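Here are a few short exercises to work through with the model open beside you. Try each task before reading its solution.

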Amino acid sequence: MRGLDPLGLHGARLFVDDNARTEFILIQRTLQRLMAFTGHTIDDVVNDPIVKNKFLGYYKLHRQINRHSEALELERQWNPLHERGPAPKPREASIDAPAR
């Protein structure tokens, strides 16, 4: 009676893949990080319109940088050799369109 535990039940064996990757999850606390960078508290941001606009500008900058870095990362994954595709063809003048 191999595989029985003291209660007489078979223990489940989990298959462990040796090639399994470890994924790390990064918790992003954007607002707290921006408040620490600007040196303001949440009360300052809520009550002072000047601080609120300054904070909003930093937040928009943060979002733009994140989007750009994500786009670059996706491009790196899709095109690991960093090759550019064929150059776009020049537009030909159509017969119906008036010349400028």
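**Exercise 1. Two sides of a helix**

Task: Find which residues of α1 are exposed on the face turned away from its buried side, and work out how its buried residues are arranged around the axis.

Solution. Start on the outward face: Arg33 and Ala36 are the exposed residues carried there, turned away from the buried side of α1. Next, list the buried residues of this helix, which are Thr30, Leu34, Met35 and Thr38. Looking down the axis of α1, you will find these buried residues within an arc of 130°, so they line one face of the helix.

Before going on, keep in mind that this is a predicted model. The mean pLDDT of the protein chain is 78, with 66% of its residues at 70 or more. Confidence is lowest in α1, at a mean of 90, and highest in helix α2 (residues 42–47), at 93.

**Exercise 2. An aromatic pair**

Task: Locate the aromatic pair and classify its geometry.

Solution. The structure holds 1 aromatic pair. Its partners are Phe37 and Tyr58, whose ring centres are 5.3 Å apart and whose planes meet at 85°. Planes over 60 degrees apart count as edge-to-face, so that is the class of this pair. Now place the partners: Phe37 lies in helix α1 (residues 30–38) and Tyr58 in helix α3, so the pair ties together parts that are 21 residues apart in sequence.

**Exercise 3. A nonpolar patch**

Task: Decide whether Phe37 and Tyr58 are buried, partly exposed or exposed, then find the surface patch they belong to.

Solution. Take the accessibilities in turn. Phe37 has 60% relative accessibility and therefore counts as exposed, because the cut-off for exposed is over 50%. Tyr58, at 31%, counts as partly exposed. Both residues help to make a nonpolar surface patch of about 410 Å², together with Leu61 and Ile65. Which helix gives the most to this patch? Helix α3 (residues 49–78) does, with 3 residues.

**Exercise 4. A salt bridge**

Task: Search the whole structure for salt bridges and describe what you find.

Solution. The search finds 1 salt bridge. Its partners are the side chains of Arg76 and Glu73, with an N to O distance of 3.0 Å, against a cut-off of 4 Å. Both residues lie in helix α3, 3 residues apart, about one turn of the helix. An α-helix has 3.6 residues a turn, so residues three or four places apart point the same way. To finish, check the exposure: Arg76 is partly exposed at 42% relative accessible area, and Glu73 is partly exposed at 36%.

Technical notes:
Residues are numbered from 1 along each chain as its sequence is written. This is a predicted model: local features need pLDDT of at least 70, side-chain atom pairs count only at pLDDT 80 or more; totals for chains, interfaces and linings use all residues. Side-chain values use heavy atoms; hydrogens and water are left out. Patches are made of residues with over 30% relative accessible area and no salt bridge: like charges are joined within 9 Å, nonpolar side chains (Val, Leu, Ile, Met, Phe, Trp, Tyr) within 5 Å. Accessible areas come from the Shrake-Rupley method with a 1.4 Å probe; for residues, only the protein chains shown count as cover. Helices (H or I, at least four residues) and strands (E, at least two) are DSSP runs, numbered from the N terminus. Buried means under 20% relative accessible area, exposed over 50%, partly exposed in between (1.4 Å probe, protein chains only). Rings of Phe, Tyr and Trp (its six-membered ring) pair if their centres lie within 6.5 Å; planes under 30 degrees apart count as stacked, over 60 as edge-to-face and the rest as tilted. pLDDT is the predictor's confidence in each residue, from 0 to 100. The arc is that of the directions from the helix axis to the C-beta atoms.
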